[in-house]
Amino acid sequence: MPPTDTLPLVIDNQQSRWRNWHQTVDTPVGEWLTVWNADPNRSSLAGYQGTTQGLKDLIRRALTEDRSIRAHGGTWSFGPVAATDGILLNTQPLNYRFPIAGGDVHPTHAGGPLVFVQCGMSVADLNHYLDAKQLALPTCGASNGQTIAGAVSTGTHGAAFKIGAMQDFVRAIHLVPSPDESIWLEPASRRATNDDLAARVGARLETSDDLFKAALVSFGSFGLIHGLLLEVAPTFFLQIWRKEMPLDAAMWSAIANLDFSGLDLPGADGREPDHFQIVINPYDEQRRGVVTVMYRSPTRPPGSTAPSIGGRWSQGDSALEAIGLVTDLFPDLTGPLSKALEKIAQSKIENVCGRPGQVFRDTTTRGKAAGAGLGVRLDQVEKAIGIARARAVAIGAPALLAIRLVKQTDATLGFTRFGPATAVIDLDGAQSNRQKRFFSETFAALENEGVEYTFHWGKLNEVSPARMQRMYGAGRVQAWLDARRTVLPTPALRRAFANDFTDQAGLSA
Amino acid sequence: MDCQKQGLQEVTVRSNVGYALITLITLGFVAPKKIEGKCARPTPTEGSLSPPSSGSR
């Protein structure tokens, strides 16, 4: 048992309702607690162990009182994926950070440097921390208010089609699934740390590919994620161009084949981009899109300019941030405003270059925005965009569409599951009834037209057991449920970490 | 609000139609607002997972 003075401080926020960052969820909560490390200013193994014990104690209380218990991070998700009417833990102050010493690295680990961070560390803070050490996350989302555990658990991604989504650089998960033990979970086929590290952290070592892949994207329903071991990279530079391009046969063919050599991409100079994104205004009758490409480089290429700082959005921002900014004032935007937004937020960029932490910044934009995201096969992107565009125009939804390409994930329920890369189609816009209708009708139309897709876990979606089977196949869903049953062996534990969202998806059993 | 000496990162002042009506009816003598704050996150120093005897910080 850790010393009493290392146990965390748990503060009752005295709130009966919980609301997320984007103001799309406002729901009753039984008890909303904020968890602080005993010493929030100094990362220590003893403090980390003490907080693990505190999390176990909270689980014990939830079980005793027959209540569910969930953790939230940056509350960045658009949907109620983290919500519970039981005990909700705010983990944002839990942001200890530990580099992994060479003696703790498994001899078979051939990848980049390893760092172990506590669940509540925000992606923006992580970028700053790593930047100071001349390191970087291999990839991250466009805006970085999420915590690392929240981002990983919902499959947050950028547009790095050679890297993958954020769960794809996690090498171990420290999970607290019961009052009695915690688990250090690593894939058996890809060990990262030596066996004794888990014991030093105070966890039981579990090496299993199946359990690890299932737990990676599990939206808080495998227990409380206390820490994550990340494989990071030596720092690098991203050289950025953005320009308007025709959405013609050559563009759709390039996406379908993941081969951009036939396109006149800005800044290419014989290179293949590392990031690829298109923002599309569905009301643009000229069928053009704003293409952002980024090229990775170990050093700053000569002639490039540094990213601007201090603005309300940066070059790394996606369409959503821009829309959220304006919809603070005008929540019911229509088509013509989408055109203006596209001009404002998607301005031309030429040879801007910065490290990841400079390009993908911690945005402060808040607004009644509503976004959905769909994972689609590369050869069905053109069809899916055509369907979404038609529904947006027919309904008059205040939306922009975006396409981002992400390398296929290993996570059992990772929504970037299509190979070799998944096209994530974002339907971003202002919160309104028309927007909701746009989402619902697009989901249904894609199914009717035979487009295979998955839902982004952190955005608005309409999950159901039938859709889960259609999106992932019965085998994958069962594998995830079996893994959850292994980690949470009793019905009481499975019930404690379930919520309405997992019930709706058929993932609580 | 207990921020463990980390200070506030954000303060939001909200009003609504009901509050505005109260302000109107009381000719401005009462102007209710809802104030929400968000604690700043700590920035802890880096730690070590090595055993204490081998020099944890």
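**Exercise 1. The second chain**

In which order do the elements of chain B run from the N terminus on? Work this out for the predicted model, then describe how chain B is packed.

Solution.
Step 1. Count the elements: chain B has 1 helix and 2 strands.
Step 2. Put them in order. Starting at the N terminus, the run is β-α-β.
Step 3. Turn to burial. Chain B has 57 residues, and 11% of them count as buried.
Step 4. Look at the contacts within chain B between residues at least 6 apart in sequence. Of these, 57% join residues at least 24 apart.

**Exercise 2. Where the chains meet**

Find how many residues of each chain take part in the contact between chain A and chain B, and describe the side that chain A offers.

Solution.
Step 1. On chain A, 24 residues are in contact with 14 residues of chain B.
Step 2. Name the elements. β1 (9-12), β7 (97-99) and α4 (195-201) of chain A each give at least two residues to this side.
Step 3. Sort the residues of that side of chain A by class: 13 are nonpolar, 6 polar and 5 charged.

**Exercise 3. Following the strands from β1**

Start at β1(A) and trace its pairing through β4(A) to β6(A).

Solution.
Step 1. β1(A) pairs with β4 (residues 31-36) of chain A over 4 bridges, in the antiparallel sense. In this pair, Leu9(A) stands opposite Trp36(A).
Step 2. β4(A) also pairs with β6 (residues 87-90) of chain A, over 4 bridges but in the parallel sense. Here Trp32(A) is opposite Leu88(A).

**Exercise 4. Straight or bent?**

Compare the end-to-end distances of helices α1(A) and α12(A) with the spans expected at 1.5 Å a residue.

Solution.
Step 1. Helix α1 (residues 45-64) of chain A has 20 residues, so a span of 28 Å is expected; its end C-alpha atoms are 29 Å apart, which agrees.
Step 2. α1(A) is mostly covered, with 14 of its 20 residues buried. Just after α1(A), Asp66(A) has a positive phi of about 55°.
Step 3. Helix α12 (residues 465-487) of chain A has 23 residues, and a straight helix would reach 33 Å, but its end C-alpha atoms are only 21 Å apart.
Step 4. Look for a bend in α12(A): there is one of about 105° at Gly473(A).
Step 5. List the buried residues of α12(A): Met468(A), Trp480(A), Ala483(A), Arg484(A) and Val487(A). Their cover includes β10 (170-176), α5 (209-216), α13 (491-496) and α14 of chain A.

**Exercise 5. A residue of α14**

Why does Phe501(A) count as buried, and which residues does Phe501(A) touch?

Solution.
Step 1. Place the residue: Phe501(A) lies in helix α14 (residues 500-505) of chain A.
Step 2. Apply the cut-off, which is 20 or more other C-beta atoms within 10 Å. Phe501(A) has 23, so Phe501(A) is buried.
Step 3. Leaving out residues up to four places away in sequence, Phe501(A) touches Gly79(A), Pro80(A) and Val81(A).
Step 4. Compare sequence and space. Thr84(A) is 417 residues from Phe501(A) in sequence, yet their C-alpha atoms are 9.1 Å apart.

**Exercise 6. The nonpolar core**

Identify the residues that touch the most other members of the largest nonpolar core, and follow the contacts of Ala384(A).

Solution.
Step 1. In soluble globular proteins, nonpolar side chains tend to be buried together.
Step 2. The largest nonpolar core has 150 residues, and those touching the most other members are Ile148(A), Ala215(A), Leu228(A), Ala384(A) and Ile425(A).
Step 3. Strand β20 (residues 399-407) of chain A supplies the largest share of this core, 7 residues.
Step 4. Beyond four places in sequence, Ala384(A) touches Val376(A), Ile425(A), Leu446(A), Val451(A) and Tyr453(A).

Note on methods
Residues are numbered from 1 along each chain as its sequence is written. Chains are lettered from A and ligands numbered from 1 in the order in which they are written. This is a predicted model: local features need pLDDT of at least 70, side-chain atom pairs count only at pLDDT 80 or more; totals for chains, interfaces and linings use all residues. Two residues are in contact if their C-beta atoms, placed from the backbone, lie within 7 Å. Ala, Val, Leu, Ile, Met, Phe, Trp, Tyr, Cys and Pro count as nonpolar, Asp, Glu, Lys and Arg as charged, and the others, Gly among them, as polar. A nonpolar core is a set of buried Ala, Val, Leu, Ile, Met, Phe, Trp, Tyr and Cys residues joined through C-beta atoms within 7 Å. A residue is buried if 20 or more other C-beta atoms lie within 10 Å of its own, exposed if 12 or fewer, and partly exposed in between; C-beta atoms are placed from the backbone. The expected span of a helix is 1.5 Å times one less than its number of residues. The bend at a residue is the angle between axes fitted to the seven residues ending there and the seven starting there. Two strands pair if DSSP finds at least two bridges between them.
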